[in-house]
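Here is a friendly walk through a two-chain model, to be read with the structure open beside the text. Shall we start with a term that will come up again and again?

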Amino acid sequence: MVIFITPRISIYFKNIARQQYLPSFLHFYFYICNQSRAMQKRLVLDQKQIAIILKRFCHQLIENHDTFENTVLLGLQPRGPIVLDKIAKTLAELTGFKVPFGYLDATFHRDDFRRRDFPLKANETKIDFLIEGKEVVLIDDVLYKGRSVRAALDAMIAFGRPQKVELMVLVDRKYTRDYPIMPDYVGVKVNTLESQYVSVEWAEKGFDKDAIWIIEKP
Amino acid sequence: MSQLSTRHLLGIKDITSEDIRLIFETADNFKEVLNRPIKKVPSLRDITIANIFFENSTRTRLSFELAEKRLSADVVNFSSSTSSVKKGETLTDTVNNILSMKVDMVVMRHSSPGAPHFLSKNISANIVNAGDGTHEHPTQALLDAFSIREKLGDVMGKKVAIIGDILHSRVALSNIFCLQKLGAEVMVCGPTTLIPKHIASLGVKVEMDVKKALQWCDVANILRIQLERQQIKYFPSLREYSLYFGVNKKMLDQLDKEIVIMHPGPINRGVELNSDVADSEHSIILQQVENGVAVRMAVLYLLAGVR
């Protein structure tokens, strides 16, 4: 707590120096309260737990897909591919099979185009194979409203008619779904509020270590 | 930024280099869509687009129509030769009538420079300029620059020579703006009569000798002699033009480097460009056409997203 507050105090005194705040004890108290509430974040998974979950995912996949001869993995852009890469790497280590995988971007298939303030930026779709008759595992980091998964199902059909589709997510935000979409593989289920978001941090993306947080929206 | 700074694409002059980069990045994604077994996305399914062509066109019109259909938009086509324009209806009236049938976007080609600008002040739909007289042809410039970027990796720092009928070319003007915004050096080359007097004020080099221009450039964009716009004789004969300004294989072989040949089409074979060059491996003319659909999809998609 002290570590959190210390830099805030310095900002507070800076603002006093700029005469933006009248210095009073009560004011100071409210300022700190507000600031610390805005900063509120709760750790959901740490690096070790994430590694365990990813390993569990791989074993579950091996259990369900046996030799992987008819299975492909698709990571949903923008944040699914990083989970996918880790799973593909671990799977290769565990089984020796090279499971075909690709990245799927569903931006052009979303149902909220022209309904948001800003259009979403499209990402790369990289699928070098057809999914006709394949068993597809869609991989993403957080499942929230289910709308991106719906769009992804739509986008996926452009590459053929899959035999079966499964969904794998690291974090399932419970009771928040807009569409009847249910994951087959879940890392952790969490209760969250509309006012919160789930932040997934990866060491590869420049963070200190892998971690998943629930954070109050500013 | 994931949004264009403008509601209409009237000309390259009005958009920023960030806009151009955003269009290119989006076009990359659409190019991938065009290589899928099912080349269609549902993004614009609730949008109706009117293609209003007051001037003849093959490539641009087909390319726009394909782009619209691959974005799942509803498309209505209109050409002036079979319409009430012949009966004396004004431009604003024609377009307003089309718009009252609930059209969201208008793609327009017109023989008068500034026609889309005039329209944008009078109607509420998004307007895409598909060529206005001798003024601008923004989507052609975008797809040219996109093709250069695809072939050479980047447009920044490249030397591009635009050779031919600069005076009557909307492609030349849009290309100059677009390439300069992306950091390329531009040279124009052609007979003195077909080069506008003050073109150097745009910051382009002017060259009369086509061999020197080819020696200087990395990319040669060769333009068509627009006989339909030339009311007076600007040069003695087509044969003489082709003798002095036509590009052939022999000229390319004499260069000490390989250059990329582009042409916005339609080609007058044997006049500005010989068949041995147009069909050679130096030419990216057909890639330009292919990229045209992706770039136009990106433009329509991004404009539709602007509120």
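Two residues are said to be in contact if their C-beta atoms, placed from the backbone, lie within 7 Å. By that criterion, and not counting residues up to four places away in sequence, Leu142(B) touches Ile20(B), Ile23(B), Cys178(B), Val295(B) and Val299(B).

## Confidence in the model

Please keep in mind that this is a predicted model. For the complex, the predictor gives an ipTM of 0.75 and a pTM of 0.84. Chain B averages a pLDDT of 90, and 98% of its residues score at least 70.

Chain A has a mean pLDDT of 85, with 82% of its residues at 70 or more. Where in chain A is confidence lowest, and where is it highest? The low end is helix H1 (residues 2-17) of chain A, with a mean of 56, and the high end is strand E5 (residues 164-173) of chain A, at 95. Where pLDDT is low, the predicted coordinates should not be read in detail.

## The build of chain B

Chain B contains eleven helices and nine strands. Its radius of gyration is 19 Å, close to the 19 Å that the globule rule gives for 307 residues, so chain B is as compact as a globular protein of that length. Along the principal axes, the C-alpha trace of chain B spans about 55 × 45 × 35 Å.

Of the 307 residues of chain B, 45% count as buried. Looking at contacts in chain B between residues at least 6 apart in sequence, 76% join residues at least 24 apart.

## Two domains in chain B

Chain B is divided into domain 1 (12-137 + 292-305) and domain 2 (138-288). Measuring over C-alpha atoms, 25 Å separate the centres of domain 1 and domain 2 of chain B. Where they meet, 21 residues of domain 1 of chain B are in contact with 21 residues of domain 2 of chain B.

Which elements supply the domain 1 side of chain B that touches domain 2 of chain B? Helix H1 (17-34), strand E4 (126-132) and helix H11 (285-305) of chain B each supply at least two residues. H1(B) gives the most to this side, with five residues. By class, the same side of domain 1 of chain B has eight nonpolar, eight polar and five charged residues.

## The cores and Leu142(B)

The largest nonpolar core has 90 residues, and those with the most contacts inside it are Leu142(B), Ile163(B), Ala220(B), Ala298(B) and Leu300(B). H11(B) gives the most to this core, with ten residues. Both domain 1 and domain 2 of chain B contribute, with at least three residues from each. Apart from this core lies another, of 38 residues, among them Cys58(A), Leu104(A), Ile139(A) and Leu167(A).

Leu142(B) sits in helix H5 (residues 138-152) of chain B. Is Leu142(B) buried or exposed? A residue is buried if 20 or more other C-beta atoms lie within 10 Å of its own; Leu142(B) has 27 such neighbours, so it counts as buried. From C-alpha to C-alpha, Leu142(B) and Leu22(B) are 11 Å apart in space, while 120 residues apart in sequence.

## Chain A and its contact with chain B

Chain A has five helices and eight strands, arranged along the sequence as α-α-β-α-β-α-β-β-α-β-β-β-β. Of its 218 residues, 28% count as buried. Among contacts in chain A between residues at least 6 apart in sequence, 68% join residues at least 24 apart.

The contact between the chains takes 16 residues from chain A and 14 residues from chain B. On the side of chain A that touches chain B, the residues divide into nine nonpolar, three polar and four charged.

## Backbone details in the loops

Each chain offers a cis peptide bond to look at. The bond from Gln77(A) to Pro78(A) is cis, with omega near 0°, and Pro78(A) is found in the loop between strand E2 (71-76) and helix H4 (80-95) of chain A. A cis peptide bond also joins Gly265(B) and Pro266(B), with omega about -10°; Pro266(B) is in the loop between strand E9 (260-262) and helix H10 (275-278) of chain B.Positive phi values are worth a look too. Tyr175(A) has a phi of about 55° although it is not a glycine, and this residue is exposed, with 7 other C-beta atoms within 10 Å. Ser72(B) has a phi near 70° and lies in the loop between helix H2 (59-70) and strand E2 (74-79) of chain B. With 15 C-beta neighbours inside 10 Å, Ser72(B) counts as partly exposed.

Terms used. Residues numbered from 1 in each chain as written. Chains lettered and ligands numbered in written order. Predicted model: local features only at pLDDT ≥ 70, side-chain atom pairs only at ≥ 80, totals over all residues. Domains from an automatic or database assignment. Helix = DSSP H or I, 4+ residues; strand = E, 2+ residues; numbered from the N terminus. Nonpolar A, V, L, I, M, F, W, Y, C, P; charged D, E, K, R; others polar. pLDDT = per-residue confidence, 0-100. Core = buried A, V, L, I, M, F, W, Y, C linked by C-beta atoms within 7 Å. Buried ≥ 20, exposed ≤ 12 C-beta atoms within 10 Å, placed from the backbone. Rg over C-alpha atoms; globule rule 2.2 N^0.38 Å.
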